[in-house]
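User: Please show me the structure, and then let us go through its pockets together.

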Amino acid sequence: MADQDISDVFLDGYARILAEASATGRRLTRDELESRRLVGERAAEAGHGLRALVGAHLDATRRHWPATGASPDSVLAAVVQAVDAFAEGYERAQRLAVRQEEAARREFIDDLLFGRSDLGQLSERAERFGLRLSFEHAVAVAQGTVAYDEGDDVPREVERALIGRFGDRSILLTTKDGRLVCIAPGDQDEVLTFFAKQAHAATDGGRVAIGRAQPGPGGVVQSYEEALNALDLAARLEFDAPVLRAADLLVYPVLTRDRQAMADLVHTVLGPMREARGGAQPLLDTLTAYFDSGCVAAEAARRLSLSVRALTYRLERIHHLTGANPSDPVHRYTLQTAVIGARLLDWPAVDF
């Protein structure tokens, strides 16, 4: 829009205020200042740039400079007050627009991750934020030692790295419940891999989980839940890997789908270890280290800070109490499954 158009719409009354205030050297009245603020708000809502608007004010000042009876200082003082009030209204409208945009974005993200909106409407809203939900999407979630908000340094650092590497590839980076969340097209696994690397570094060694690519608007919810479940499994099973993929952990949901059956397995297979001196926990830790080390006794002993002889004694004690031999391939699967179940169900701390 040309400066003349700006003047016609957003400078109405400015020449009168300038003449009246500069004639006596008075300050602008409260009503005059508020009128300029309101005009500034309307100019911002109309999409005009502040630089062009200030230029239009200066041009109007030159054209309507009082001919007589006003000192230059009085005129310039009135200009400063009027333009300052105008800019204040402009900035007020800009801040309101930003808050409304942030609120709309947060509402969309909440609906997207929890599936609380009509899927058709959700797809339409998603295009505004660069997502096409008719395609497959995958979600990665990063969790650090502290909670993060969207405006914090860590999310902004990760976002800059993503944009610098991939540009605009229909990527949405946000935060939810203190975690970093990245949503990307399902056929662009390199995006989430890069996000995982950057988030792990930016969160000082935080853990990242990546859900499987899923189709449609509901696929984002499913992939997000898979990533959250992977983080929960990692915490309960004390996984060391900094990056987890839900596709590699599918056996665990299968094992825990029937909680009662898993509880019966733990109670039946591992329950007799409660009779050991010191209770079941030391023997459960022994089995965990033994299986995690690939059933290599020397490595398991090192992890437990035991001698190999002491570890062997514990394994023999487990065999005696449970009737299952950890070194026997036939018994090993049952024992290892029961150990996984015990860790998932927090046994023996929680009895059932």
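User: Which four helices each supply at least two residues of the lining of the largest pocket?

Analyst: This is a predicted model, in which local features need pLDDT of at least 70 and side-chain atom pairs count only at pLDDT 80 or more, while totals for chains, interfaces and linings use all residues. Residues are numbered from 1 along each chain as its sequence is written, and side-chain values use heavy atoms, with hydrogens and water left out. Helices are DSSP runs (H or I, at least four residues) numbered from the N terminus, and those that each give the lining at least two residues are H9 (217–237), H12 (281–292), H13 (297–304) and H15 (329–344).

User: Which helix gives the largest share of that lining, and how many residues is it?

Analyst: A pocket is an open set of points on a 1 Å grid over the protein atoms alone, where a 1.4 Å probe fits, with protein on both sides within 12 Å along at least five of seven lines, and its lining residues have an atom within 4 Å of a point. The largest pocket has 24 of them, with Leu 237, Glu 238, Thr 288, Asp 292 and Arg 343 nearest its centre. The largest share comes from H12, with seven residues.

User: What is the volume of the second largest pocket?

Analyst: Its lining has 14 residues, of which Asn 229, Leu 233, Tyr 252, Pro 253 and Thr 256 lie nearest the centre, and H9 provides the largest share, six residues. With grid points joined across faces, edges and corners, a volume is the space filled by probe spheres set on the points; for the second largest pocket this is about 320 Å³.
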